Amino acid sequence: GAGFLLHPELNAVYAPKMGKNSAGSIYARGGGYVQADGHDLSGDLGLENRWVLAKSVAEVGGVYRGVFTEDSHGSINYNSFAVNAGIRSLSSGSYFYYDVNLGFRHGSEGFYQTGAQRENTLSLNGTVGPVIKSKYRLFVDFDLRQVFNSGFYADPGTFVSLYPHLSFILGPVILNAGAKIDYAGDLVFSPAAEATVEIFKSSATLFAGVTGGLDMKTVYDYKMSNHRFNTYWMYNSGTDDFPGFKNVQREKINVYGGLRGHLGNFFQFAVKGGYALNGNTPLESLKRSLPTYSFVDFGMLYGNAVLSVKSERVNLSAGAEVRKTFLPSDAVCFAPAWCVGNLEFSYNWNRRFWAGCSVDVSSSRSAMGMEGVANVPSFIDLGVNAEYRINSRWGAWIKGGNLLGKSIQRVPGYIEKGPYFTAGITLSL
């Protein structure tokens, strides 16, 4: 790629022919951007295998994931390795259902201000329970995680979540009710129930529900959602004497309702709205003129919608969300954007030539409780793309982004500057 901003990109998949009841692949993908004052690059290298057995499907996989960033504060490399194995049942009628996954992840990063940070996470999650005549289900969802940290942030973490629930079908109505039991230092009980009603000859579904519970975020989780995150953000979230970093968030309650549906395979949509009350939610902030997270309790009214249109020639997907947040007056953070949205469109001519566009939008984000700090401005990221298939093996493509030349801050304080164009080739063997 070349332009005001360098946007390299790589995607490769090798899927060898295997037996009738097995499939596997090896894949590599990477991307990001490079500019004069730093870079944000990431990539994956992994493999996955699946076997269809008599009454179950077994899967194994492994992946290396790296994130490499540089800015005025220094250069940071984050590396993680993960392996997983799972098995789920394939049956109908009355049977015992199971879907169980076991995983392990090691992650590490080095930062000159905090030294090496290492994290090992062992997880076991899934769903088990009986299915009676395909209409009644008594399931237990479980999520067990043990985290071991070493380095600057050395607090271990234990997370246990159990969700026993009963679901049953009454004509067009499906009821699913239970309670979540979560432990992450404290024991928390939360309601969890949903009711759905099929309408218009099963082409649309009304739904409403209530949920809540705890979640434990690892260093890996923070890094994947924000590549600029590093262990110094943990230190900077507290005082000079005590790191104020919190890895457990709580959704105290989330009441929602909506409508989803489809017209064959051509058109799909979903609309949802509700009210959520959250605790210890991480919001970006600045302290000592350096980035960090503030952990804030607040309520939020929200509404979102997604749609998808697919045909032989046209692909269109779009989504938008609006929010009304009720942040405390003493919060020190960048408030969430009240509106975000995205759209992707492509058209193909005889599956030989493709052309399309994309749009990402976000409203501004207010800087609360930070004197002299500017708000994060709104932005529109407009992009275009095209591809031409030379033959069955070779193709050439080009795409451009930020064509309006906006200063885009997806993470407050880190600016993606100017438009860019990336050109490449595709090879299919």
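Author: Let's start with a definition: a strand is a DSSP run of E at least two residues long, and strands are numbered from the N terminus. In β9, which covers residues 136-150, you will find Arg-145. Please keep in mind that this is a predicted model.

Reader: Why is Arg-145 called buried?

Author: The relative accessible area of Arg-145 is 16%. Buried means under 20%, so Arg-145 meets the cut-off.

Reader: What makes the link between Arg-145 and Asp-143 a polar contact?

Author: Their side chains are joined at 2.8 Å. A polar contact needs a pair of N or O atoms within 3.5 Å, one able to donate a hydrogen and the other to accept it, so a distance of 2.8 Å falls inside the limit. Further along the sequence, beyond four places, Arg-145 is in contact with several residues, including Leu-122, Phe-159 and Met-216.

Reader: What is unusual enough about the phi of Phe-200 to be pointed out?

Author: Phi of Phe-200 is near 55°, which is a positive value in a residue other than glycine. Phe-200 belongs to the loop between β12 (187-199) and β13 (204-216).

Reader: Is Phe-200 counted as buried or exposed, and why?

Author: Exposed means over 50% relative accessible area, and Phe-200 has 65%, so Phe-200 counts as exposed.

Reader: And why does Asn-280 get the label "partly exposed"?

Author: Asn-280 has 24% relative accessibility. Partly exposed lies between the 20% and 50% cut-offs, so this label is the one that fits Asn-280. Asn-280 is in strand β15 (residues 267-287), and its phi is positive too, at about 55°, although Asn-280 is not a glycine.

Reader: How do you know that Gly-43 is buried?

Author: Its relative accessible area is 19%, and because buried means under 20%, Gly-43 qualifies. Gly-43 is part of strand β4 (residues 38-52). Its C-alpha atom is 5.8 Å from that of Arg-65, which lies 22 residues away along the chain. Arg-65 is also one of the residues that Gly-43 touches, among them Arg-29 and Tyr-64.

Reader: What makes Gly-129 a buried residue?

Author: Gly-129 has 4% relative accessibility, and that is under 20%, so it counts as buried. You can find Gly-129 in strand β8 (residues 115-132). Beyond four places in sequence, Gly-129 touches Tyr-95, Phe-96, Tyr-97, Leu-138 and Phe-139. The C-alpha atoms of Gly-129 and Tyr-95 are 8.7 Å apart, with their positions 34 residues apart in the chain.

Reader: Why can we say that Gly-129 and Tyr-95 are in contact, when their C-alpha atoms are 8.7 Å apart?

Author: Contact means heavy atoms within 4.5 Å, so the rule is about heavy atoms and not about C-alpha atoms alone.

Reader: What makes a group of residues a nonpolar core?

Author: Buried residues of certain kinds, such as Ala, Val, Leu and Phe, have to be joined through side-chain atoms within 4.5 Å. The largest such core here has 12 residues, including Phe-207, Ala-276, Phe-298 and Ala-335. Strands β15 and β16 (290-310) each supply at least two residues of this core, and β16 gives the largest share, four residues. There is also a second, separate core of nine residues, with Trp-233 and Val-411 among them. In soluble globular proteins, nonpolar side chains tend to be buried together.

Reader: How do you know whether the radius of gyration of the protein agrees with a compact globule?

Author: With 429 residues, a compact globule would have a radius of gyration near 22 Å; the protein has 24 Å, and this agrees. The C-alpha trace spans about 60 × 60 × 40 Å along its principal axes. The protein contains two helices and 26 strands, and 37% of its 429 residues count as buried.

Reader: Where should I be careful about the pLDDT?

Author: The mean pLDDT is 90, and 95% of the residues reach 70 or more. Over residues 239-243, however, pLDDT stays under 50. Where pLDDT is low, the predicted coordinates should not be read in detail.

Technical notes. Residues numbered from 1 in each chain as written. Predicted model: local features only at pLDDT ≥ 70, side-chain atom pairs only at ≥ 80, totals over all residues. Heavy atoms only, no water. pLDDT = per-residue confidence, 0-100. Buried < 20%, exposed > 50% of the residue type's maximum accessible area, 1.4 Å probe, protein only. Rg over C-alpha atoms; globule rule 2.2 N^0.38 Å.
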